[in-house]
Amino acid sequence: MSQAGGLRQRRPLRPQVVADDGPTPAAQDASSFSGRVFRVTFLTLAVSLTVPLLGAIVLLDSPIDPQLLSFKEPPLLCGVLQPNTKLQQAERLFENQILGPESIAKIGDVIFTGVEDGRVVKLENGEVETIARFGSGPCNTQDDEPACGRPLGIRVGPNGTLFVAVAYKGLFEVNPWKREVKLLLSSDTLVEGRKISFLDDLTITRDGRKIYFTHSSSKWQLRDYLLLFVEGTDDGRLLEYDTESKEVKVLLDQLRFPNGVQLSPAEDFILVAETVMARIRRFYVSGLMKGGADIFVENLPGFPDNIRPSSSGGYWLGMSIVRSSSGFSTIDFLSERLYIKRMIFKLFSQKTVLKFIPWYSLVLELSDSGDFRRSLHDPKGQVAPFLSEVQEHDGYLYLGSFGAPFICRISLQSV
């Protein structure tokens with residue numbers, strides 16, 4: 001035997017280490033117990049959340065009774081409706097000096113508007129001056145609206161006075177130079193058995209004799225406008241007030257959230273924005289069609305607010321929500337799914353729901369026959385949010401808003 005062979009034979013064997021990877025019985029019991037505790041805790045938590053949720057869905061009453069609505073496929077945002085950012089060129093006026101300038105009237109270079117705390121104010125040379133109030137008390141929240149009133153539509157009359165539709169209060173005439181306020185028609189007035197508390201917009205004949213105005217709902221008040229919008233209640237009306245005879249007539253009934261209103265240049269018909277239905281109705285007040293009504297334009301890309309004349313002979317529409325910006329309209333989808341609408345408002349307040357609305361500011365110019373002429377966009381409403389009205393004056397568009405702390409102005413030459 002060689003020395004090397006002897007060494008190989010005498011090499012000690014390496015000890016084999018046997019590793020036991022399996023848990024000990026004690027560890028298995030602990031792991032199993034922890035798993036059971038986790039499952040029980042998870043199930044308990046799930047049940048504690050689900051049972052109240054189901055209870056709320058089943059037992060709680062919904063504040064709304066949604067109506068079944070039907071829409072055509074929304075128009076594609078292309079061509080004249082092609083999205084752009086033209087509204088983002090707008091400048092802001094009187095920023096943080098006012099809140100909620102819903103509607104705008106101009107006399108020369110002076111701007112008049114109604115704001116959220118119930119006042120009509122004059123805007124001139126960077127100064128804000130109160131010229132009218134319609135109620136009393138603190139006017140800081142929506143709960144104060146019934147006492148303070150909320151001026152919405154505002155127009156300049158033939159004698160340089162302002163005519164104002166004030167929600168909760170009525171129709172008023174305001175002399176902006178003498179600070180005189182005159183009640184023309186109280187919101188407590190019964191018109192065919194129903195009060196007119198939710199006044200919205202108005203338009204006036206050139207001689208000032210007749211005022212045409214919208215009564216948005218008998219069931220809902222202004223502070224519940226979102227409930228009216230989602231429910232689609234058909235109790236809105238277009239009315240006529242004669243300033244000489246003091247008579248009030250119902251011209252159109254069963255409208256779904258009638259909003260903006262505009263008399264034609266020839267004063268032969270009135271246009272009414274039926275917001276919930278994304279369309280403009282037309283009512284004839286003179287001529288062969290007097291007393292008749294039809295659809296001026298339907299299937300709009302958004303939900304129209306106020307209507308105002310354009311210098312081209314057509315009309316400006318202001319919208320703060322579009323039906324489709326990516327090929328799918330959530331609001332159209334929900335129009336036939338009433339149970340989802342009920343459930344949403346069983347579980348969430350109006351204030352909460354408003355946080356999830358996809359705001360999109362859109363200005364649309366219509367021709368005198370209702371065709372789309374051009375559109376100005378502010379996707380997500382970053383510069384001109386909560387758009388309610390478009391007022392053209394001396395080559396500029398002044399943009400009203402139901403919630404912004406400013407008025408926007410944009411030059412027509414730049415767009």
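Biologist: What makes the strands E10-E11-E12-E13 an open sheet with antiparallel pairing?

Modeller: In this predicted model, the four strands follow one another in the order E10-E11-E12-E13 and their pairing is antiparallel. The edges are strand E10 (199–204) and strand E13 (248–255), each of which pairs on one side only. Neighbouring strands of this sheet are turned by 20° against each other on average, with direction ignored.

Biologist: How do you know that strand E11 and strand E12 pair, and in which sense?

Modeller: Two strands count as paired if at least two bridges are found between them. Strand E11 (residues 210–215) and strand E12 (residues 236–242) are joined over six bridges in the antiparallel sense, so the criterion of at least two is met. Within this pair, histidine 215 has arginine 237 of E12 standing opposite.

Biologist: Why is strand E14 called largely enclosed by the rest of the structure?

Modeller: A residue is buried when its relative accessible area is under 20%, and six of the six residues of strand E14 (residues 258–263) are buried, so the strand is largely enclosed by the rest of the structure. For the chain as a whole, buried residues make up 51% of the 415 residues.

Biologist: What makes E14 and strand E15 a pair, and which residue stands opposite leucine 263?

Modeller: Four bridges join E14 to strand E15 (residues 269–274), and the two run antiparallel; since at least two bridges are required, they are therefore counted as paired. Opposite leucine 263 stands isoleucine 270 in E15. The hairpin of E14 and E15 has five residues between the strands, and there glutamate 267 takes a positive phi near 60°.

Biologist: Why is phenylalanine 348 called partly exposed, and where does this residue lie?

Modeller: The partly exposed class lies between the buried limit of under 20% and the exposed limit of over 50%, and phenylalanine 348, at 43% relative accessibility, therefore counts as partly exposed. Phenylalanine 348 lies in the loop between helix H6 (338–347) and helix H7 (350–354).

Biologist: Which residues make the nonpolar surface patch of about 240 Å²?

Modeller: The patch is made by Met343, Leu347 and Phe348. Patch residues must have over 30% relative accessible area, and the 43% given for phenylalanine 348 satisfies that requirement.

Biologist: How many helices and strands are there in the chain, and what percentage of the contacts between residues at least 6 apart join residues at least 24 apart?

Modeller: The chain has seven helices and 24 strands. Of the contacts between residues at least 6 apart in sequence, 56% join residues at least 24 apart. Its accessible surface comes to about 20,600 Å², of which 53% belongs to carbon and sulfur atoms.

How values were computed: Residues numbered from 1 in each chain as written. Predicted model: local features only at pLDDT ≥ 70, side-chain atom pairs only at ≥ 80, totals over all residues. Heavy atoms only, no water. Axes fitted to C-alpha atoms, helices over the stretch in contact; angles between N-to-C directions. Buried < 20%, exposed > 50% of the residue type's maximum accessible area, 1.4 Å probe, protein only. Patch = residues over 30% accessible without salt bridge, like charges linked within 9 Å, V, L, I, M, F, W, Y side chains within 5 Å. Areas by Shrake-Rupley, 256 points an atom, 1.4 Å probe, with all protein chains shown as cover. Salt bridge = Lys/Arg side-chain N within 4 Å of Asp/Glu carboxyl O. Contact = heavy atoms within 4.5 Å.
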